[in-house]
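Hello,

Here is the structure for you to take over. My notes on it follow below the entry.

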Amino acid sequence: MSFRSSLLTIYCNRQKIFPNFGLSSSIHHYTTKYQYYQRCLSTNANAELVVSILGPPNAGKSTLFNRLMCKESNRAYRLGSEKKKMSRSLGRIGYRSPSKRSGGAIVTPIAGTTRDRRECIGSIGGIYFRLIDTAGVDGERIDVAFGKKNKTSMEAAMIRQTMEAARNSDLVLLMFDARLGVTSDLSETIRWLRKISHTPKNKTSGSKEPFHRREIAILANKLEGDRWTSSIDNSNNNVLDNLAEVARAGFGEPIPISAEHGEGIVDIAVLIDKLTREKRVRLGLPEEDDEEENNKNQDSEVKPLQLAILGRQNVGKSTLVNSLLGEERVISGETPGLTRDSISVPMLFKNKPVQIVDTAGIRRGVKRERSNEIEDLAVLDAMRAMKLADVAVLVLDAQARVIQRQELAIADAVVREGRSLVVVANKMDLIVDADYTPHDFACAVQDQIELRFPMLRKTPVVAMSSLYGDNVYKLMPVVFQARERWARVIPTGMLNRWLEEVLDEHPPPTHNGRPARIKYIIQTKGRPPTFLLFCNVSELPVSYLRYLTRSFQNSFDMFGMEVRLVVKSSAEKNPYSSTKVNKITGIGGWKGRQKRSVDALKRDGKPLQKGRRSRRRN
């Protein structure tokens, strides 16, 4: 078995946990019923080592996560232009310039910003590994995890996500603020890590990897420059004392770094390279990868379907993601605004890779607190996930009975960006009775969308209850059908036959007193479907373009997306039928003309007439 296959086995046969938070016990029955939903490790790089970043709150974990993230491996193709002017829907959402965020984890000076565990491909010194960012760990949350204290369900879910990341890691990077020293939270975290350092990675994984000790390295963050090494200042003495105290924890000497400025990253690279080679030796693989083989594997890999889950706050987006994955992968609950970072999770649907992204709830900009920068960054991260998606799933709250204006603005932003749209009516268990079925509600949602946005008529709508797993299995087939329509390439002959039938039924109106004529049509690209109309005029009336779009959607089943028809004016005249007289009087320019005039004057006694050239005499 190859190394990648063994790593897939570790991730696919993961430990399943279903605590009583955000998910009911019926999810377990739902998972066993639909076993074709499987998790997988689908990345652009060959991730070998699993590295997680742990530490107290506000220690700089997300900053280090963003620095170690491999931008090339985690980048998806972008088809929408970010240089467009702000549209009405984006302004209502509260969209800001995407240049202010690089797509990594949200970083703010507020403690407790990160809640979910976020995974990506890390790269340092040409070495690729799986990198996990976690929420802050403190003594109270550890007590909640072991049942010593009763805290909110959100705190319990956060510490469970962090513990799961530590148990599945080969290397744990324990970060702390070197200026604060050893706090009680850091001591509790070290005591807990010492317990799990000798436990197997995952008892139920079924992996053939031999047991080995989990490596734990301590990182002393926020040590910029080398001034702290001198003993002149009392504050520097405190830093040295803190490093000496942490070294007595039993995990070796701490590594001084500055995650914000990138100092000390070389020591981390040496450690990761050493552990990567050791792991490959344990698995019976060569210490270094074969670059040619890796390039062939990357070229042969099928690109996963990029799926973004969007919607307002507290409509059930995270619960839907957990239902699709069959585990509590992201934090969910009744409190609005639990999700902050856009969490990307790979999965398999009938052996087809899918990259599903859970995003934060999007509220109107006027309803957000101006002092709360985290929500603005979360909305910006959600909009970035939408720009990188193939299909966007808009989750509605069925209890509202009516589509909200904010949901219409989100749908408009999805369509304007050129993505394919699928609507999910969640929480159907709260309104459905014997006389009102989910199908009736789905039809009502389609009618409301068509009334507000005629271009989105017949958009696929799936009515479900993600909490109990009702009709959740119907979502993924609809999503794949939407992606196929979105990426479809129609032959030119078929397009022109359709255009001929449409023009016979309803020809285009006149433009500025001149009869408009559409010569032919071609498809320039898919994703989104874009077509070029060659006409004898520079533009067509908007009403006629809407008629063409409606007829095109009916003929080719292009629903739930924007069909872009671009008018191109062809040449008015044939460029080869020009009767333009050549005004060139001769060869050689003015010097040639002067020489011919002098020769004629010598020969005939009079200058050469204008426009006439005498034959050269022998």
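The notes cover a sheet, a helix that packs on it, and a cavity.

Please keep in mind that this is a predicted model.

The sheet is open, with six strands in the order 3-4-2-5-6-7 and mixed pairing. Its edges are strand 3 (118-124) and strand 7 (255-256); each has a single partner strand, so one side of each is left without a neighbour in the sheet. Strand 7 pairs with strand 6 (residues 215-221) in the parallel sense, over two bridges. Within that pairing, Leu219 has Ile255 of strand 7 as its bridge partner.

Helix 7 (residues 184-196) packs on this sheet, where it touches strand 2 (49-54), strand 5 (171-177) and strand 6. The directions of helix 7 and strand 5 make an angle of about 165 degrees.

On the interior: a search of the whole structure gives four cavities of 30 Å³ or more. I looked at the second largest cavity, whose volume is about 80 Å³. Its lining consists of Arg312, Leu396, Asp397, Ala398, Ala400, Arg401, Val402, Ile403, Glu407, Phe441, Val445 and Gln448. Sorted by class, that lining has seven nonpolar residues, four charged and one polar. Strand 11 (391-397) and helix 14 (438-452) each supply at least two of the lining residues. Helix 14 gives the most, with three.

Regards

How values were computed. Residues are numbered from 1 along each chain as its sequence is written. This is a predicted model: local features need pLDDT of at least 70, side-chain atom pairs count only at pLDDT 80 or more; totals for chains, interfaces and linings use all residues. Side-chain values use heavy atoms; hydrogens and water are left out. Two strands pair if DSSP finds at least two bridges between them. Helices (H or I, at least four residues) and strands (E, at least two) are DSSP runs, numbered from the N terminus. Contact means heavy atoms within 4.5 Å. Axes are lines fitted to C-alpha atoms, for helices over the stretch in contact, and angles run from 0 to 180 degrees between N-to-C directions. On a 1 Å grid over the protein atoms alone, a cavity is a set of points where a 1.4 Å probe fits but cannot get out, and a pocket is an open set with protein on both sides within 12 Å along at least five of seven lines; lining residues have an atom within 4 Å of a point. Grid points are joined across faces, edges and corners, and a volume is the space filled by probe spheres set on the points. Ala, Val, Leu, Ile, Met, Phe, Trp, Tyr, Cys and Pro count as nonpolar, Asp, Glu, Lys and Arg as charged, and the others, Gly among them, as polar.
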